[in-house]
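Student: I would like to learn how to read a protein model step by step, beginning with a single helix. Could you take me through it?

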Amino acid sequence: MQNQDIDFVIRGEGEIPLLSLVKEFKKASPSWDTVPGIYYRDRDGQVKNNSGVSLITNLDELPFLARDLVLNCDYDTYRVHCLSTARGCPYLCSFCADKKLWGGKVRRRSVNSVIKELKLIEDTYKVNFVDFGDGTFYL
């Protein structure tokens with residue numbers, strides 16, 4: 001927020017704050033102080049900090065990625081799809097931000113949810129690779 005060109009920063013998991021932020025943008029008179037988990041500038045340019053939201057406990061409640069809405073992405077040429085099956089890490093490595101971001105907890109999607117998303121990707125796109133972007137995928 002030291003950069004005057006930045007208006008908002010979302011802390012932690014972004015799904016709930018981002019949705020709230022977009023809803024406020026649609027209003028004639030947005031009220032940024034109602035959006036959880038953000039830093040923002042008020043009308044005087046002062047940085048404000050709203051309290052955050054709890055971590056999402058059931059990752060299966062989140063919708064699958066809207067891959068069809070990614071701008072300028074040619075999935076016929078780039079046949080790699082990213083997928084996340086979990087969030088968090090139980091370890092305390094000094095070089096990693098996971099503990100700060102996820103609170104030292106691991107939350108996993110159900111096997112059925114992951115398989116359903118994999119099948120959706122396979123049925124919708126030409127896929128050569130799936131990149132599992134989990135820090136603790138192998139645990």
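Tutor: Let us start with helix α1, which covers residues 15–25 and in which Pro17, Leu21 and Glu24 are buried. Please keep in mind throughout that this is a predicted model.

Student: Why do the buried residues of α1 line one face of the helix?

Tutor: The general idea comes first: an α-helix has 3.6 residues a turn, so residues three or four places apart point the same way. In this case, when one looks down the axis of α1, the buried residues fall within an arc of 60°, and so they line one face of the helix.

Student: What do the buried residues of α1 pack against?

Tutor: Their partners are two strands, β1 (8–10) and β2 (38–41). The helix α1 lies across β1 and β2, and its direction makes an angle of about 150° with that of β1.

Student: Is Leu18 buried, partly exposed or exposed?

Tutor: Leu18 also belongs to helix α1, but a residue counts as buried only under 20% relative accessible area and as exposed only over 50%. Because its relative accessibility is 45%, Leu18 counts as partly exposed. If you look for Cys73 as well, you will find that Leu18 and Cys73 lie 55 residues apart in sequence, with 22 Å between their C-alpha atoms.

Student: Now I would like to read the strands. In what order do the 3 strands of the open sheet come?

Tutor: To read a sheet, one asks which strands are neighbours and in which sense they run. Here the order is β1-β2-β3, in an open sheet with antiparallel pairing. The edge strands are β1 and β3, since each of them pairs on one side only. On average, neighbouring strands of this sheet are turned by 15° against each other, with direction ignored.

Student: Which residues stand opposite each other in these strands?

Tutor: Let us take the pairings one after the other. Strands β1 and β2 are antiparallel and share 3 bridges, and Val9 stands opposite Tyr39 of β2. Strand β2 is likewise joined by 3 bridges to β3, residues 47–49, again in the antiparallel sense. On that side, Tyr39 has Asn49 of β3 as its bridge partner, while the partner of Tyr40 in β3 is Lys48.

Student: How many residues lie between the strands in the hairpin of β2 and β3?

Tutor: There are 5 residues between these strands, and in this hairpin Gly45 takes a positive phi near 85°.

Student: Could we now try the same reading on another helix? Which residues of α3 are buried?

Tutor: In α3 the buried residues are Ser113, Val114, Glu117 and Ile121. They cover an arc of only 100° around the axis, which puts them on the same side of α3. The face turned away from that buried side carries exposed residues, namely Val111, Asn112, Lys116, Lys119, Glu122 and Asp123.

Student: How far does α3 reach from its first C-alpha to its last?

Tutor: Helix α3 comprises residues 111–124, which makes 14 residues, and it reaches 20 Å, close to the 20 Å expected at 1.5 Å a residue.

Student: What do the buried residues of α3 pack against?

Tutor: They pack against β4 (80–83), and this is the strand in which Val80 has its place. With a relative accessibility of 43%, Val80 counts as partly exposed. When its neighbours within four places in sequence are left aside, Val80 is in contact with Tyr75, Phe129 and Asp131. Although Val80 and Asp131 are 51 residues apart along the chain, their C-alpha atoms are separated by 6.8 Å.

Student: How should I describe the chain as a whole?

Tutor: One can begin with the inventory, which is 3 helices and 7 strands, and then follow the sequence through the pattern β-α-β-β-β-β-α-β-α-β. Along its principal axes, the C-alpha trace spans about 50 × 40 × 25 Å. Of the 139 residues in the protein chain, 24% count as buried. Among contacts between residues at least 6 apart in sequence, 58% join residues at least 24 apart. Finally, the chain exposes about 10,000 Å², of which carbon and sulfur atoms supply 54%.

Definitions and conventions:
Residues are numbered from 1 along each chain as its sequence is written. This is a predicted model: local features need pLDDT of at least 70, side-chain atom pairs count only at pLDDT 80 or more; totals for chains, interfaces and linings use all residues. Side-chain values use heavy atoms; hydrogens and water are left out. Helices (H or I, at least four residues) and strands (E, at least two) are DSSP runs, numbered from the N terminus. The expected span of a helix is 1.5 Å times one less than its number of residues. Buried means under 20% relative accessible area, exposed over 50%, partly exposed in between (1.4 Å probe, protein chains only). The arc is that of the directions from the helix axis to the C-beta atoms. Contact means heavy atoms within 4.5 Å. Two strands pair if DSSP finds at least two bridges between them. Axes are lines fitted to C-alpha atoms, for helices over the stretch in contact, and angles run from 0 to 180 degrees between N-to-C directions. Accessible areas come from the Shrake-Rupley method with a 1.4 Å probe; for residues, only the protein chains shown count as cover.
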